[in-house]
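Got the viewer open and a hand on the selection tool? Here is a walk through the structure, one stop at a time.

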Amino acid sequence: MSDYKRIKTPLTDEVVLDLRVGDRVLITGYLYTARDSAHKRLFELIEKGEPLPIDIKGQIIYYVGPAPAKPGHVIGSAGPTTSYRMDKYTPKLHELGLKGTIGKGQRGPEVREALKKYKAVYFVAVGGAGALLARSIKSVEPVAYEDLGPESIKRLYVEEFPVIVANDAHGGDIFEEEKKKYRIAK
Amino acid sequence: MREIPFEDIVEAVREMAIVSNSILPPEMYDALKKAYEEEESPVGKEVLSQILRNDEIAREEMMPICQDTGIAVLFVEVGEEVRVKGGSLKEALTEGVRRGYIEGYLRKSVVKDPLRRVNTGDNTPAIIHFDIVPGDRLKIRFAPKGGGSENMSVARLVAPADGREGIIDFVVDTVDKAGGNPCPPIVIGVGIGGNFEMSAIIAKKALLRKIGERHPDPYYAEMEEEILRRVNELGIGPMGLGGRITALDVHIETYPCHIASLPVAVNIQCHANRHVEKEL
Ligand code: SF4
């Protein structure tokens, strides 16, 4: 298997277009956390035409609701949550300049279309590997919606955060392509 | 009557909450190791190596294997000759969950109302299944369950005529549709019989069985093996990224049922297959 690709946030079109399904990638830079409730609030702002609490241009959103940090740690376990629940909101965010998302599981066709159209990428991190992934997270700052607890928006600084490209900007889909190779059932 | 102090139960449950969330049962870890050796897909192998490394870090640092430390599910067998001194059994179990999740830095993932969704802040209430048994012991089995895999679980009342084959197809189809969402490699609990609610409870109970342990009835043991084989032909693989290993094991539990019905429930368990038990 090929080596890791190392990328830095914010992402440019050039970096995004170089990523292909199945690539193992190490991310260094800032990630923003947001899951169900935070997405709902962001979307309400967009619908009202109001500014967002974060500038998402070129950024990556990580779908995570971390466990609380133990004393001496910056964060508790912090693995990805299931992405499809955010599908309804994702295309609009890509339209506004979001370059990537990190979660687990398949995305719907509307998201895959948006990735092509707006040159963006969907990564998966290993679900249930929260203790391992927390090691790559070096700092955590609250950004918005602190009342949401684990669901609030935070800015994480990560070093060599391990992910795999699941849907690229060229229409590739790891789930369908790889499943076919190993499927014996009809 | 044997008396068990309220605080002893609280402490036992508190500890179980923390330990179950940080230390994977050894046979589950071994099964993941074997999966790593057998997986042919390079991406699948990468995923499994991260899962193994994660389980080791969690154990060493006593931190949660997964940030979704679940809703606490307890199966409690209460001996007929046991009495709790200083409070009620249900309160003691609840207090143990509360302290475990707060003092153990576990994530609080329970909302007070299913539609208005305000977090209770201490991960209570738990889901507690009581059973009254002969004797003077109190046996508690603690299994935190995350949302990702629980959400992919399904219960259905199939026609009795669908029989064994119909059930196998239903289970395989349920796993196929779930794809990578329940964090494969998964363990599959299948409850067959009883009625609507009983099938779901025994499907969950089936997940408490040790990996590799077959149903005592050869008829169902063979069915477990057939389901496992067929599920691993789906190609879903670790985290749904393709591969040979989609499930590590299948456990069936059965119960007698009405002449007109055949209830079947499929409870999907992710690779963070956490459970511990303790007898007081
Ligand atoms: S399905 Fe299991 S491993 Fe995956 S995120 Fe949920 S609790 Fe964690």
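Start between the two domains of chain B: three salt bridges run between domain 1 of chain B and domain 2 of chain B. Bear in mind as you click around that this is a predicted model. To see the two parts, colour residues 2-20 and 65-145 of chain B as domain 1, and residues 148-278 as domain 2.

Now select Lys139(B) and Glu277(B). These two form a salt bridge, and their closest N and O atoms are 3.7 Å apart. Polar contacts can be counted here too: six residue pairs make them between domain 1 of chain B and domain 2 of chain B, both residues of each pair being at pLDDT 80 or more.

Which elements of domain 1 should you highlight next? On the side of domain 1 of chain B that touches domain 2 of chain B, α1 (6-22), β2 (71-79), β4 (127-133) and β5 (138-145) of chain B each supply at least two residues. Put β5(B) in a bright colour, since you'll be looking at it a lot: with eight residues, β5(B) gives the most to that side of domain 1 of chain B. Colour the residues on this side by type and you get 12 nonpolar, three polar and six charged.

Zoom out a little and keep both domains of chain B in view. The centres of domain 1 of chain B and domain 2 of chain B, taken over C-alpha atoms, are 25 Å apart. Where they meet, 21 residues of domain 1 of chain B are in contact with 17 residues of domain 2 of chain B. Try a surface view as well: about 1600 Å² is buried between domain 1 of chain B and domain 2 of chain B, and carbon and sulfur atoms give 61% of that area. Then pick out Phe75(B), Arg141(B) and Lys145(B), which supply 40% of the area that domain 1 of chain B buries against domain 2 of chain B, more than any other three residues.

**Over to chain A**

Hide chain B for a moment and show chain A as a cartoon. How many helices and strands does chain A have? There are six helices and seven strands in chain A. Trace the chain from its start and the order reads β-α-β-α-β-α-β-α-β-α-β-β-α. The radius of gyration of chain A is 16 Å, close to the 16 Å that the globule rule gives for 186 residues, so chain A is as compact as a globular protein of that length. If you draw a box along the principal axes, the C-alpha trace of chain A spans about 45 × 40 × 35 Å.

Next, select Lys5(A) and Asp23(A) and show their side chains. They meet in a salt bridge, at 2.6 Å from N to O. This pair ties together distant parts of the chain: Lys5(A) is in strand β1 of chain A, while Asp23(A), 18 residues away, is in the loop between α1 and β2 (24-33) of chain A. Over all chains, the count of salt bridges comes to 43.

**Where the chains meet**

Bring chain B back. The contact takes in 44 residues from chain A and 40 residues from chain B. About 3700 Å² is buried between chain A and chain B, with carbon and sulfur atoms giving 58% of it.

Which charged pair should you click on here? Go for Asp176(B) and Arg183(A), which form a salt bridge with their closest N and O atoms 2.8 Å apart. The count between chain A and chain B is three salt bridges, and 20 residue pairs are in polar contact across this interface, both at pLDDT 80 or more.

On the side of chain A that touches chain B, the elements giving two or more residues are α5 (130-134), β7 (153-167) and α6 (174-182) of chain A. The largest share, five residues, comes from α6(A). By type, that side of chain A divides into 25 nonpolar, 11 polar and eight charged residues.

**Some backbone oddities**

Most residues other than glycine have a negative phi, and most peptide bonds are trans. Now look at Thr9(A) and Pro10(A), joined by a cis peptide bond with omega about -5°. Pro10(A) is in the loop between β1 (5-8) and α1 (13-18) of chain A.

Jump to chain B for another: the bond from Thr124(B) to Pro125(B) is cis, with omega near 0°. You'll find Pro125(B) in the loop between α4 (89-103) and β4 of chain B.

For the last stop, select Lys119(A), in the loop between α4 (109-118) and β5 (121-124) of chain A. Phi of Lys119(A) is near 50°, a positive value in a residue other than glycine.

Conventions. Residues numbered from 1 in each chain as written. Chains lettered and ligands numbered in written order. Predicted model: local features only at pLDDT ≥ 70, side-chain atom pairs only at ≥ 80, totals over all residues. Heavy atoms only, no water. Domains from an automatic or database assignment. Contact = heavy atoms within 4.5 Å. Buried area = accessible area lost by both parts, 1.4 Å probe. Salt bridge = Lys/Arg side-chain N within 4 Å of Asp/Glu carboxyl O. Polar contact = N/O pair within 3.5 Å; in protein donor to acceptor, adjacent residues only side chain to side chain. Helix = DSSP H or I, 4+ residues; strand = E, 2+ residues; numbered from the N terminus. Nonpolar A, V, L, I, M, F, W, Y, C, P; charged D, E, K, R; others polar. Rg over C-alpha atoms; globule rule 2.2 N^0.38 Å.
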